[in-house]
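Here is a set of questions about why certain words apply to a structure. Each answer sets a value against a definition.

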Amino acid sequence: IMEGRNQTPIVELILVGFGNDPELQPLLFLVFLVIYIATVAGNLLIIVLVVADRHLHIPMYYFLANLSIVEICYVSTTLPRLLASLATGDRSISLQNCFVQFNFYGIFTTAETLLLTAMCCDRYLAICHPLRYPALMNGRVCGHIVAGCWIFSISYSIMLQAFILQLTYCGPKEFDHFFCDFASDGSFCGATRTLLLLVNFLMTVTITIGVFLCTLVTYICIIATILRIPSSTGKQKAFSTCSSHLIVVAVYYMNMFTIYVCSLFRPPAIVYKILSILSTDLIPLINPLIYCLRNKVVHQSLRKAGMKLVDFRLRQR
Ligand SMILES: *[C@@H]1O[C@H](CO)[C@@H](O)[C@H](O)[C@H]1NC(C)=O
């Protein structure tokens, strides 16, 4: 740290990413490009379906489309930058851009977590309080919740950023990750460093535990209610409206849990990078996949859209 102070301050970082093995770069570029295009296309498809199909104009799918917007933003904070550096071999990034990336990453992860939880509460109200559901959850309430998620995420990120901007970066010039993830990183020095770590830790723990407990409790109530439904078709029908969301949430928390457990054992950086790839790139990809394949209503809407497209092209000829 003392050495770092005497030198000129670092204004540019090297994002080590996945090394610079020239054999591997084109392959990695291709893999990430395919993941990126598939994620953006899949989520766009969901948004278009929800906007265009009147059958999907209910809170559950409004939430889903809004989640897709978040997912597109989320992959777009990390992947394009990684793709550019894989294509050009230029792995440097200015510290300022790094802060910007970290800020947006913070906004979108928080928004994603909050929206997933909001979707849980929506399913809980629909299944456990079906009679009061229309009064409690409608387009307007849904809009307020979505706006609330964004306002909270943005203000939380700006607050963290305000803390960070008071500090100086004094970590290594070579940042051993593929994007600027300063969250668990102690590479800052300055008077308010401990405060930053403390605030970040407390907020992360509170949000994570709060959101996790909320999800757990609502799903326990949902499953208990479904089990009490006498007819098996009724059971199936109720379950089918929340199974896609349950899978997405389960994958999400499994990934978070793995990252947490892994970080306890201080694994080599590559393990951590692969887990980050899973959470930053694959989770946004599986979300539209699961909904398009498993959710009957989305599935039907997709088929109708496909049929209309075929019809349209036939008439063109
Ligand atoms: C997001 O949610 C709002 C509020 O319900 C809704 O009006 C809007 O259509 C949703 N966004 C999309 C892309 O469906």
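Q: Why does Cys 180 count as buried?
A: Buried means under 20% relative accessible area, exposed means over 50%, and partly exposed is in between, with a 1.4 Å probe and protein chains only. Cys 180 has 0% relative accessibility, so Cys 180 counts as buried.

Q: What kind of model is this, and which residues and atoms count?
A: This is a predicted model, in which local features need pLDDT of at least 70 and side-chain atom pairs count only at pLDDT 80 or more, while totals for chains, interfaces and linings use all residues. Residues are numbered from 1 along each chain as its sequence is written, and side-chain values use heavy atoms, with hydrogens and water left out.

Q: What makes the link of Cys 98 and Cys 180 a disulfide?
A: A disulfide is a pair of cysteine sulfur atoms within 2.5 Å. The sulfur atoms of Cys 98 and Cys 180 are 1.8 Å apart, and the two form a disulfide. This pair links distant parts of the chain, 82 residues apart: Cys 98 is in helix α4 (residues 95-128), and Cys 180 is in the loop between β4 (174-175) and β5 (188-189). Helices (H or I, at least four residues) and strands (E, at least two) are DSSP runs, numbered from the N terminus. Cys 98 is buried because its relative accessible area is 0%.

Q: Which hand does the link of Cys 98 and Cys 180 have?
A: The link is left-handed, with -75° about the S-S bond.

Q: How many disulfides does a search of the whole structure find?
A: The search finds two. One of them joins Cys 170 to Cys 189, with an S to S distance of 2.0 Å. Here too the pair links distant parts of the chain, 19 residues apart, with Cys 170 in the loop between β3 (168-169) and β4 and Cys 189 in strand β5. With the bonded cysteines of the protein numbered in sequence order, the pairing is 1-3, 2-4.

Q: Why is Cys 170 called partly exposed?
A: Cys 170 has 24% relative accessibility, so Cys 170 counts as partly exposed. Its partner Cys 189 counts as buried because its relative accessibility is 8%.

Q: Why is there no bond between Cys 128 and Cys 221?
A: The sulfur of Cys 128 has its closest cysteine sulfur in Cys 221, at 5.5 Å, so the two are too far apart for a bond. Cys 128 counts as buried because its relative accessibility is 18%.

Q: Why is Cys 292 too far from the closest cysteine sulfur for a bond?
A: That closest sulfur is in Cys 242, and the distance is 18 Å, so it is too far for a bond.

Q: What makes Asn 66 a polar contact of the ligand?
A: A polar contact is a pair of N or O atoms within 3.5 Å; within protein, one must be able to donate a hydrogen and the other to accept it, and residues adjacent in sequence count only if both atoms are side-chain atoms. An N or O atom in the side chain of Asn 66 is 2.2 Å from an oxygen atom of the ligand. For Gly 139, a backbone N or O atom lies 3.3 Å from a ligand oxygen atom.

Q: Why does Ser 244 count as buried?
A: Ser 244 has a relative accessible area of 1%, so Ser 244 is buried. Ser 244 lies in helix α9 (residues 243-264).
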